[in-house]
Amino acid sequence: KQYPDLKIAIIDYDFLCPKIIILALMSLNIKTVCAQERFILGFFKSMNILIDDYFTPSNKMNEILKKNKLNLVKNLTSVGIYRADKLSKKIRKKGSRNIIVALGFQTSHTAHDSEVQMLTNWRASKLFLEEMYRLSHDINNCKIIIRLKDMEGYKNLYFKKIINKIKIKKNIEININSEAEYSYKICSKADLVIAKHTSIADECISRDIPVIFHDYTHNLDGIVRGVFDYDDSLLVCKNYMDIFNNTKKFLSFESNNLKKEFQKIKSKYYFYDKKVTVKDKILDHINNYLILKKNKL
């Protein structure tokens, strides 16, 4: 009633937006549009999408979403991952120091809260730091930049020893720059991204930035791969030796099976057009709809 001329509603987070709001918009013939927020959630069969126009990472993702009977989408349009527009691929030069960006999780503030967190408990979080420190020893000519989602939990004494070791070593650091979208800046400079599963990792893959997943903890040898294992590829690591060997393969200038797997996965699951940004594709779609609507009046 407040906006009688409302024609279109842009939904921010597909899975979290209350369905009752979307149903109300649809009942008033207000078109709902949304870009897929998290690549990996498309593989969760318990998740469902209710939307008119849905912008996805690829045609392959469209096939996957269509198979889920819980999804009610009128139009699926593959445009790529919209936040990948923030990334630019670095060109590697022989002899230059390799930049490895390690993307970790947050952790709990207290030991009590930590005990019930399967993926972000203190032991799992400390293991990630220790293994990145070990990798800084085992891989020559590299700089490892660790980015964590939140540093507060790591201020506990439990992490003091490993953090102090990182502080005094020259080729590894925990970066705490709070600048908006800073992770996209450093990932754009990376020769390799080692990530706990986070959406920016998929965005990096779509832009041809090499990624391997640290998909384990001190007592789990698989986390996300139970839902999607990237076609059972070597990108998903189950232990430190996987991390070490795959890091060497990606940093090598020689062709190898891991690089070939990476290219196949990128081409299959992610769409990217160098000529047009994902944002512009979505805006064009919305503008064309509004023009068509106006012409019918």
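Reader: How much space lies in the largest pocket?
Author: This is a predicted model. The volume is therefore a value for that model, with a pocket taken as an open set of grid points. The space in the largest pocket comes to about 850 Å³.

Reader: Which residues that line the largest pocket are the closest to its centre?
Author: The lining of this pocket counts 38 residues. A lining residue has an atom within 4 Å of a point of the pocket. The closest to the centre are Phe 105, Lys 149, His 197, Thr 198 and Ser 199.

Reader: Which strands and helices each supply at least two residues of that lining?
Author: Two strands and two helices are named here. The strands are E5 (98-104) and E6 (142-148). The helices are H6 (182-188) and H7 (199-206).

Reader: How does the lining of the largest pocket divide by class?
Author: Gly counts as polar in this scheme, and Tyr and Cys as nonpolar. On that basis the lining has 10 charged and 11 polar residues. The nonpolar residues number 17.

Reader: In what order do the strands of the six-stranded open sheet stand?
Author: The pairing in this sheet is parallel. Strand E7 (172-174) and strand E10 (236-237) are the edge strands, each pairing on one side only. The order is E7-E6-E5-E8-E9-E10.

Reader: Which residue in E9 does Ala 195 stand opposite?
Author: Strand E8 (residues 192-195) pairs with strand E9 (residues 211-214) in the parallel sense. Three bridges hold this pairing in the count. Opposite Ala 195, in E9, stands Phe 213.

Reader: Why is one side of E1 and of E4 left without a neighbour in the sheet?
Author: The open sheet here has four strands, in the order E1-E2-E3-E4, with parallel pairing. E1 and strand E4 (72-78) stand at its edges, so one side of each lacks a neighbour. The reason is that each has a single partner strand.

Reader: What does the twist average from one strand to the next in the four-stranded sheet?
Author: The sheet in question is the open one that runs E1-E2-E3-E4. From one strand to the next, its twist averages 25°.

Reader: Are the residues of strand E2 buried or exposed?
Author: Buried means under 20% relative accessible area. Lys 31, Val 33 and Ala 35 point one way from E2, and Thr 32 and Cys 34 point the other way. Five of the five residues in E2 (residues 31-35) are buried.

Reader: Which residue in E2 is the bridge partner of Ile 8?
Author: Strand E1 (residues 8-11) and E2 run parallel, joined by four bridges. The chain crosses from E1 to E2 through helix H1 (residues 19-27), in a right-handed β-α-β crossover. The E2 partner of Ile 8 is Lys 31.

Reader: And which residue in E3 is the bridge partner of Val 33?
Author: E2 and strand E3 (residues 50-56) run parallel, with three bridges between them. The partner of Val 33 in E3 is Asp 53.

Reader: Which element gives the most to the lining of the second largest pocket?
Author: About 340 Å³ of space lies in this pocket. Of its 16 lining residues, Ile 10, Ala 35, Tyr 82, Lys 279 and Ile 282 are the closest to the centre. E1, E2 and helix H10 (278-296) each supply at least two residues. With four residues, the element that gives the most is H10.

Definitions and conventions:
Residues are numbered from 1 along each chain as its sequence is written. This is a predicted model: local features need pLDDT of at least 70, side-chain atom pairs count only at pLDDT 80 or more; totals for chains, interfaces and linings use all residues. Side-chain values use heavy atoms; hydrogens and water are left out. Buried means under 20% relative accessible area, exposed over 50%, partly exposed in between (1.4 Å probe, protein chains only). Two strands pair if DSSP finds at least two bridges between them. A crossover is right-handed if, with the strands pointing away from the viewer, the path from the first strand over the helix to the second runs clockwise. On a 1 Å grid over the protein atoms alone, a cavity is a set of points where a 1.4 Å probe fits but cannot get out, and a pocket is an open set with protein on both sides within 12 Å along at least five of seven lines; lining residues have an atom within 4 Å of a point. Grid points are joined across faces, edges and corners, and a volume is the space filled by probe spheres set on the points. Axes are lines fitted to C-alpha atoms, for helices over the stretch in contact, and angles run from 0 to 180 degrees between N-to-C directions.
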